[in-house]
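Subject: Structure handover

Hello,

Here is the structure I promised. Please load it first, then read the notes below it.

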Amino acid sequence: MKLSISQSKTYDVLELALAGRLTLGEETRYFDDTIKATLADGNKTMVLNLTDLVYMDSAGLGLLISSFSAVTDKGGEIRLKGLNGKVHDVLRTAKLLTVFEVIEDHSMTSQTIPE
Amino acid sequence: MRCPACERPLKAVVIRGVEVDVCQGGCEGIWLDRFELSDKLEGIRAFNEYKNMELDLMQAREIQRHLLPCDIPQVPGFSVQHVSRPTRQVGGDFYDFLTLDSGELVGVLADVSGKGVSSALLASLVQGALQMEFNSSKECDAVLKSLNTLLCRKLQTGRFVTMFAVALDGSGQGHYASAGHNPAYVYRAYRNELEELTSSGLIAGAFEFAQFSRHALSLHKGDILVVYSDGVTEADGPNGETFGEDRLRQLILGEASAGSEVLKLKLLDAVETFTEGCHRTMT
């Protein structure tokens with residue numbers, strides 16, 4: 001299962017919904033290119049919706065970290081939502097839940113995020 | 001077509017994927033059509049480069065294999081079992097054991113993110129840095145902190161290392177620290193129970209602000225400390241299910257009373273059976 005990313009924007013909050021697997025190779029390149037393109041477009045506040053992300057390997061996790069750095073270095077912020085079992089476990093084990101801000105409520109939409 | 005030298009008939013023959021014209025029954029000369037030479041040479045060059053790369057990888061694997069400790073420190077009262085099974089020629093997992101001047105035994109298991117040669121190179125860097133750091137400190141948390149600072153400066157963004165380090169004296173008293181590594185387990189023989197060793201330490205090499213804490217650990221007669229890489233718990237079964245923490249815990253609880261050597265063999269056997277032989281890199 002490959003990675004697909006759909007985008008939606010409400011006010012200045014860009015939501016990227018990831019579906020499939022975020023693993024070393026084509027998928028990580030696609031995710032990296034997408035983040036770079038959204039930053040180049042001037043987006044600074046992002047929500048990564050991981051509800052349909054079924055698996056993420058260490059390369060995917062690394063890319064999540066580099067995206068976090070790239071966005072925060074530009075004065076922006078990146079939040080996660082919809083953490084499912086396996087992806088949640090990976091982030092919990094790496095203790096990254098203390099670094100990323102996680103929107104716990106899966107039904108919460110990007111409109112509720114304060115500007 | 002006839003041979004330009006002796007005018008005998010030529011026959012097209014494929015030698016190692018390269019088609020040439022061979023003189024049959026005459027001078028036995030081998031002929032190429034006009035402009036074909038550069039194409040053939042390119043094919044031969046690519047083949048040779050592939051072979052050289054394969055040789056380089058085999059040598060890299062040998063070097064990495066020799067970086068793993070061949071002489072496990074012998075500490076009275078301890079039995080140390082270890083195994084590392086990369087699926088590629090080289091990988092980012094490694095373990096190491098050191099004996100400190102104080103007599104304490106240090107054990108480390110680390111897993112560098114990513115796969116292949118780049119991870120193996122980083123693993124060598126981390127292993128060397130760890131040995132240096134343990135020369136100046138015997139506190140696992142302080143070593144992880146120094147290592148994190150070094151890696152944050154040396155690694156490109158997005159690369160990181162997970163690590164579990166433990167230091168024990170001859171009586172089984174000591175401590176451990178973790179950098180975002182899978183939880184280790186201690187089988188408590190006298191209660192026949194399993195204890196999970198948790199930690200709040202972040203992965204190393206990603207954030208300069210990461211903090212690492214030290215946790216006390218006591219091992220008593222019959223207790224077994226199990227440290228492993230995610231290649232064990234994330235080993236894929238045929239139906240897409242992973243081996244998982246629950247299966248690992250049950251296996252340790254079921255087999256640990258027979259001793260660490262039996263437990264290691266049973267664990268390897270269980271992962272092998274679960275994955276039908278197609279396991280990932282595991283340490």
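Over all chains, a search of the whole structure finds 16 salt bridges. Keep in mind throughout that this is a predicted model. Side chains of opposite charge can pair when their charged atoms come close.

**Salt bridges**

Start in chain A. A:Arg79 and A:Glu77 pair through their side chains, at 3.0 Å from N to O. A:Arg79 is buried, because its relative accessibility is 8% and the limit for buried is under 20%. A:Glu77 is partly exposed, at 30%.

Now chain B. B:Asp223 bridges to B:Arg188, with the closest N and O atoms 2.7 Å apart. This pair links distant parts of the chain, 35 residues apart. B:Asp223 sits in the loop between strand S10 (215-218) and strand S11 (224-226) of chain B. B:Arg188 belongs to strand S8 (residues 184-188) of chain B. Both B:Asp223 and B:Arg188 are buried.

Which residues are linked with these two in a network of salt bridges? They are B:Arg191, B:Glu193 and B:Glu195, joined in the network with B:Arg188 and B:Asp223.

B:Arg249 and B:Asp246 form another salt bridge, at 2.4 Å from N to O. Here the partners are 3 residues apart, about one turn of the helix, and both lie in helix H5 (residues 244-255) of chain B. B:Arg249 is partly exposed at 27% relative accessible area. B:Asp246 is also partly exposed, at 48%.

**Around B:Glu196 and B:Thr233**

B:Arg249 turns up again as a contact of B:Glu196. The other residues that B:Glu196 touches, leaving out those up to four places away in sequence, are B:Pro183, B:Ala184 and B:Tyr185. B:Glu196 is in strand S9 (residues 193-197) of chain B. Its relative accessibility is 37%, so B:Glu196 counts as partly exposed. Along the chain, B:Glu196 and B:Val226 are 30 residues apart; their C-alpha atoms are separated by 9.8 Å.

B:Thr233 lies in helix H4 (residues 230-233) of chain B. Is B:Thr233 buried or exposed? It is buried, because its relative accessible area is 6%, against a limit of under 20%. Setting aside neighbours within four places in sequence, B:Thr233 contacts B:Asn182, B:Tyr228, B:Thr242, B:Phe243, B:Gly244, B:Glu245 and B:Leu248.

**Nonpolar cores**

The largest nonpolar core has 66 residues. Those with the most contacts inside it are A:Leu18, A:Phe31, A:Leu48, A:Leu96, B:Phe134 and B:Met163. A:Leu18 touches A:Phe31 and A:Leu48. Beyond four places in sequence, the contacts of A:Leu18 also include A:Leu3, A:Ser4, A:Ile5, A:Asn49, A:Leu50, A:Asp52 and A:Leu53. Apart from the largest core lies another, of 18 residues. Among its members are B:Ile224, B:Val226, B:Val271 and B:Phe274.

**Interface of chain A and chain B**

The contact takes 19 residues from chain A and 21 residues from chain B. About 1400 Å² is buried between the two chains, and carbon and sulfur atoms give 65% of that area. How many salt bridges does the rule find across this interface? The count is 0. There are 4 residue pairs in polar contact between chain A and chain B, with both residues at pLDDT 80 or more.

On the chain A side, the elements that give two or more residues are helix H2 (58-73) and helix H3 (85-93). H2(A) supplies the largest share of that side, 8 residues. By class, the chain A side has 10 nonpolar, 6 polar and 3 charged residues.

**Backbone points**

Two non-glycine residues with positive phi are worth a look. A:Tyr11 has a phi of about 55°. A:Tyr11 is in the loop between strand S1 (4-10) and strand S2 (13-22) of chain A. Its relative accessible area is 66%, so A:Tyr11 is exposed, the limit being over 50%.

In chain B, phi of B:Glu7 is near 65°. B:Glu7 falls in the segment before strand S1 (10-15) of chain B. B:Glu7 is exposed as well, because its relative accessibility is 58%.

Best wishes

How values were computed:
Residues are numbered from 1 along each chain as its sequence is written. Chains are lettered from A and ligands numbered from 1 in the order in which they are written. This is a predicted model: local features need pLDDT of at least 70, side-chain atom pairs count only at pLDDT 80 or more; totals for chains, interfaces and linings use all residues. Side-chain values use heavy atoms; hydrogens and water are left out. Helices (H or I, at least four residues) and strands (E, at least two) are DSSP runs, numbered from the N terminus. Buried means under 20% relative accessible area, exposed over 50%, partly exposed in between (1.4 Å probe, protein chains only). Contact means heavy atoms within 4.5 Å. Buried area is the accessible area (1.4 Å probe) that two parts lose on being put together, summed over both. A salt bridge is a side-chain nitrogen of Lys or Arg within 4 Å of a carboxyl oxygen of Asp or Glu. A polar contact is a pair of N or O atoms within 3.5 Å; within protein, one must be able to donate a hydrogen and the other to accept it, and residues adjacent in sequence count only if both atoms are side-chain atoms. Ala, Val, Leu, Ile, Met, Phe, Trp, Tyr, Cys and Pro count as nonpolar, Asp, Glu, Lys and Arg as charged, and the others, Gly among them, as polar. A nonpolar core is a set of buried Ala, Val, Leu, Ile, Met, Phe, Trp, Tyr and Cys residues joined through side-chain atoms within 4.5 Å.
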